[in-house]
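User: Please take a close look at the salt bridges in this model. Which side chains pair, and how exposed is each partner?

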Amino acid sequence: MYVERDLCPMCEDRHTTVQQMRDWVAQFVDERDWRPFHSPKNLAMGMAIEAAELMEHFQWISTEESWQVVSEPGRLQPVVEELADVVCYALAMANVLGIDLSRAVREKLEKNAQKYPASEYRGRYGPEDQRPPY
């Protein structure tokens, strides 16, 4: 069951499982009879649209300015909401495709660890780059 934050003090990352969040999204979708609209194509497009809306909050500002968002509640809250939209679409996609997200994330991290060994990429994002000044 999805609940408002004030009504669910245990609804924090450290207390909530991925399955619980998947269940919240499934319940929300089912209560509105939206499953017919939740094709993988539509969910992928929705996720991309919400990610673009998230990016809008950082467009035209510097990297340094982007770090200031966390200390400004009026700027942080819309970012929180857009990020939640992206995650909800990802959870809905996992639901319709039967993807085990925990396993998928772990396997992807293992694959990336081989592709980007920490000994070669620590503080860098590519072979020719430098550490960003932040």
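Analyst: This predicted model holds five salt bridges. Three of the pairs are described here, including their distances and exposure.

Start with Asp 30 and Arg 35. Their side chains meet in a salt bridge, at 2.4 Å from N to O. That falls within the 4 Å cut-off, so the pair counts as a salt bridge. Arg 35 is exposed, at 52% relative accessibility. The cut-off for exposed is over 50%, which means that a value of 41% is classed as partly exposed. Asp 30 has that relative accessible area, 41%, and is partly exposed.

Next comes Glu 12 with Arg 14. The closest N and O atoms of this salt bridge are 2.9 Å apart. Arg 14 is exposed, with a relative accessible area of 68%. Its partner Glu 12 is partly exposed, at 34%.

Then take Glu 72 and Arg 75. They form a salt bridge too, with the closest N and O atoms 3.3 Å apart. Glu 72 has a relative accessible area of 28% and is partly exposed. Arg 75 is partly exposed as well, at 29%. Buried means under 20%, so neither value qualifies as buried.

Why can such side chains pair at all? Side chains of opposite charge can do so when their charged atoms come close. In this model, Asp 30 pairs with Arg 35, Glu 12 with Arg 14, and Glu 72 with Arg 75.

Terms used
Residues are numbered from 1 along each chain as its sequence is written. This is a predicted model: local features need pLDDT of at least 70, side-chain atom pairs count only at pLDDT 80 or more; totals for chains, interfaces and linings use all residues. Side-chain values use heavy atoms; hydrogens and water are left out. Buried means under 20% relative accessible area, exposed over 50%, partly exposed in between (1.4 Å probe, protein chains only).
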